[in-house]
Amino acid sequence: MSDTDTLIQTEEVTSLDVPWNVVVNDDPVNLMGYVTLVLTKVFGYDEKKASILMIQVHRQGRSIVWTGEREKAEFYVQQLQGHQLKTTLEKSQ
Amino acid sequence: MPTLEGGLRIDTENFNDWGILRSIVVDANDATTHDLASRMGALLSEEAGGEDWQEYIVPDLREGFHDELAQVGAAIESAIHIADSGPGPIWINRDEVFPWYSALNQARLALEERYHFGPAETISLEGNDPVRRSAFMRSKFYCAIQCLLLDHVMGPSKAPQQNP
């Protein structure tokens, strides 16, 4: 055994991921019925919930349509943009 | 006109009507504005990974939009060929409805990007610019077809019920 030994200590730090919001923004082109249809198709929401979110988009200019882990949020944003909805991704506060 | 199979049939009366249908693809591919996929990509902030989005996701979006336009463009050209450029029908079946809706939407989004018509209730055609007026009428026509597709073709249980 040598005179000097090296002590290696590892420390695990675990932190919860910050949730991310999937946000649909209003635009003058997409029809309200289409927005509702896309929300039911992409998220599996029932028509009532999808309609409430669509009305939020229409009246308030935006609606948080889903919140959760980043990877899944990115998937949903890609799906919604693929349906031509004006969709963004933002950190949940 | 809705069909018994749950689709939609558009009857053209002359060559000009085919020209209007062809304009769906022309409008959607408007080269004077950034393409739709790029505009979608630009919506993501740097914090949300906008740079990676442009690099990895936008090309997929672009390809998807392009494929839908190509499918609709081919359907229109095929119908024109069958009708020998004269009066004739074109069918939008249920399994083709999303590409059709998408193509019409791409055209309307491109027209909106270029002319900024705004929400339907506030549209103004001041100045009587004939190019803008024509674009507005096309946008209204595309929107009318989209409404028919939504009402009669898209979504569940739109096909007529079969008798047992």
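**Exercise 1. Classify B:Asp30 and follow its salt bridge.**
Task: Is B:Asp30 buried or exposed in this predicted model, and which residue does its side chain meet in a salt bridge?

Solution.
- Step 1: Start with the accessibility. B:Asp30 has a relative accessibility of 16%. The cut-off for buried is under 20%, so B:Asp30 counts as buried.
- Step 2: Look for the partner. The side chain of B:Asp30 meets that of B:Arg114 in a salt bridge, with 3.5 Å from N to O.
- Step 3: Place both ends in the chain. B:Arg114 belongs to helix H4 of chain B, while B:Asp30 sits in the loop between helix H1 (15-28) and H2. The two are 84 residues apart, and the pair links distant parts of the chain.
- Step 4: Check the other end. B:Arg114 has 41% relative accessibility and counts as partly exposed.

**Exercise 2. A salt bridge within a helix.**
Task: Why are A:Arg70 and A:Glu74 separated by about one helical turn?

Solution.
- Step 1: Confirm the pair. The side chains of A:Arg70 and A:Glu74 form a salt bridge at 2.8 Å, N to O.
- Step 2: Use the spacing. Both residues lie in helix H3 of chain A, and because they are four residues apart there, about one helical turn separates them.
- Step 3: Add the accessibility. A:Arg70 is partly exposed at 26%, and A:Glu74 is partly exposed at 26%.
- Step 4: Set the pair in context. Over all chains, the rule counts nine salt bridges.

**Exercise 3. Describe the interface.**
Task: How many residues does each chain give to the contact, and what area is buried between chain A and chain B?

Solution.
- Step 1: Count the residues. Chain A gives 23 residues and chain B gives 30 residues.
- Step 2: Take the area. The size of an interface is often given as the accessible area lost when the parts come together. Between chain A and chain B about 2200 Å² is buried, and carbon and sulfur atoms give 67% of that.
- Step 3: Find the main contributors on one side. In chain A, the residues that lose the most area to chain B are A:Val29, A:Gln81 and A:Gln84, together 31% of what that side buries.
- Step 4: Count the polar links. Eight residue pairs are in polar contact between the two chains, both residues at pLDDT 80 or more.
- Step 5: Assign the chain A side to elements. Helix H1 (32-43), helix H3 (70-82) and strand E3 (86-91) of chain A each give two or more residues to it. H3(A) supplies the largest share, six residues.
- Step 6: Sort the chain A side by residue type. Its residues divide into nine nonpolar, eight polar and six charged.

**Exercise 4. The salt bridge between the chains.**
Task: How many salt bridges does the rule find across the interface of chain A and chain B, and which residues form a salt bridge there?

Solution.
- Step 1: Count. The rule finds one salt bridge across this interface.
- Step 2: Name the residues. A:Lys91 pairs with B:Glu47, and their closest N and O atoms are 3.6 Å apart.
- Step 3: Locate them. B:Glu47 is in the loop between helix H2 (36-41) and helix H3 (50-82) of chain B, and A:Lys91 is in strand E3 of chain A, so the pair joins two chains.
- Step 4: Check the lysine. A:Lys91 has a relative accessible area of 36% and is partly exposed.

**Exercise 5. An aromatic residue of chain B.**
Task: Where does B:Phe98 lie, and which residues does it touch?

Solution.
- Step 1: Place the residue. B:Phe98 is in helix H4 (residues 97-115) of chain B.
- Step 2: List its neighbours. Leaving out residues up to four places away in sequence, B:Phe98 touches A:Leu37, A:Lys41 and B:Met154.
- Step 3: Read the accessibility. B:Phe98 is partly exposed, at a relative accessible area of 27%.
- Step 4: Compare sequence with space. B:Pro87 is eleven residues from B:Phe98 in sequence and 25 Å away in space, C-alpha to C-alpha.

**Exercise 6. Positive phi angles.**
Task: Is A:Gln84 buried or exposed, and what about B:His116, buried or exposed?

Solution.
- Step 1: Take A:Gln84. Although not a glycine, A:Gln84 has a positive phi of about 70 degrees. A:Gln84 lies in the loop between H3 and E3 of chain A and is buried, with a relative accessible area of 1%.
- Step 2: Take B:His116. The phi of B:His116 is also positive, near 50 degrees. B:His116 is in the loop between H4 and helix H5 (130-152) of chain B and counts as exposed at 56% relative accessibility.

Methods:
Residues numbered from 1 in each chain as written. Chains lettered and ligands numbered in written order. Heavy atoms only, no water. Contact = heavy atoms within 4.5 Å. Buried area = accessible area lost by both parts, 1.4 Å probe. Salt bridge = Lys/Arg side-chain N within 4 Å of Asp/Glu carboxyl O. Polar contact = N/O pair within 3.5 Å; in protein donor to acceptor, adjacent residues only side chain to side chain. Nonpolar A, V, L, I, M, F, W, Y, C, P; charged D, E, K, R; others polar. Buried < 20%, exposed > 50% of the residue type's maximum accessible area, 1.4 Å probe, protein only.
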